[in-house]
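Please look over the sequence and the model below before reading on. The text after them goes through a few selected features.

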Amino acid sequence: MSMADSLKKLNEMDLSDIDLDINKAGSWPIAVKVIVWLILAGIVFGGYYHFTIKDQLASLERKQQEEQSLRTKFSQRSLEAANLDAYKQQLAEMRERFGTMVAQLPSKTQIPGLLDDVAEKVAESGLTLGNMKIQGEVSQNFYIELPVEMQMSGNYHDFGGFVSGVASLPRIVTLHDFSITRGKSGDDLSMTITARTYRYKEQDEQ
């Protein structure tokens with residue numbers, strides 16, 4: 001009897017007339033036996049999947065994600081290794097530049113001499129220094145900023161000479177917040193400007 005015939009016979013059969021006692025399973029119709037076996041097989045497979053295959057699939061997915069992560073890290077490390085010599089050269093250049101910049105920062109004891117140099121540039125430019133007021137220090141990461149407010153008088157040409165003179169100083173001095181007003185005579189001008197100099201933090205200040 002084929003499976004189709006068994007299913008047709010099962011469809012026409014009154015299940016209430018069948019004794020489904022497990023002890024009499026040998027006398028069950030073939031279609032009933034097939035269905036029971038399919039149900040049992042489904043239960044067994046479902047249990048095996050739930051308790052074994054499902055965990056293995058989750059573990060496989062985690063391993064695949066770890067593999068992808070390791071591949072990405074390997075690619076990054078390979079790229080870094082290929083450019084290692086270039087990174088070392090860049091680091092050496094940065095250290096050299098940093099050392100040059102630090103050398104341009106005076107110590108605390110050199111600040112008075114630097115202010116004298118700025119005042120000297122005022123005189124060399126033909127300007128008249130009216131007032132020089134040292135303001136409070138401003139602490140930064142590894143250096144300290146010292147603003148100095150200056151008042152001077154002269155003409156445009158003298159101001160240009162002063163700016164060029166400050167730029168030529170071996171130490172770092174920057175100019176900020178300037179204002180110019182007309183003086184009493186025709187070409188006479190008055191300028192207020194803030195010169196900021198910077199010094200390296202001493203060991204006890206860090």
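What follows covers strand pairing, then a surface patch, then one charged residue.

The model is predicted, and residue numbers count from 1 along the chain.

Strand 3, residues 143-154, is a convenient place to begin. Strand 1 (residues 128-134) pairs with strand 3 in the antiparallel sense, over six bridges. Within this pairing, Ile134 has Val148 of strand 3 as its bridge partner. Strand 5, residues 189-200, also runs antiparallel to strand 3, and 12 bridges join the two. Here Met152 is set opposite Met191 of strand 5.

Strand 2 (residues 138-139) is antiparallel to strand 3 as well, joined by two bridges. Strand 2 and strand 3 make a hairpin, with three residues between them. Ser139 is found opposite Ile144 of strand 3. In a regular strand, side chains alternate between the two faces of the sheet.

The next feature is on the surface. Ile35, Trp37, Ile39, Leu40 and Ile43 make a nonpolar patch of about 530 Å². Of these residues, Ile35 belongs to helix 2, which spans residues 30-82. Why can Ile35 count towards a surface patch? Patch residues need over 30% relative accessible area, and Ile35 qualifies on this point because its value is 32%, which makes it partly exposed.

The last feature is a charged residue. Asp158 sits in helix 5, residues 156-167. Asp158 is buried but has no salt bridge. Arg182 is the nearest side chain of opposite charge, and it is 13 Å away, whereas a salt bridge requires the charged atoms to be within 4 Å. Leaving aside residues up to four places away in sequence, Asp158 touches Ser125, Gly126 and Leu127.

How values were computed. This is a predicted model: local features need pLDDT of at least 70, side-chain atom pairs count only at pLDDT 80 or more; totals for chains, interfaces and linings use all residues. Side-chain values use heavy atoms; hydrogens and water are left out. Helices (H or I, at least four residues) and strands (E, at least two) are DSSP runs, numbered from the N terminus. Buried means under 20% relative accessible area, exposed over 50%, partly exposed in between (1.4 Å probe, protein chains only). Lys and Arg count as positive and Asp and Glu as negative; His and the chain ends are not counted. Contact means heavy atoms within 4.5 Å. Patches are made of residues with over 30% relative accessible area and no salt bridge: like charges are joined within 9 Å, nonpolar side chains (Val, Leu, Ile, Met, Phe, Trp, Tyr) within 5 Å. Accessible areas come from the Shrake-Rupley method with a 1.4 Å probe; for residues, only the protein chains shown count as cover. Two strands pair if DSSP finds at least two bridges between them.
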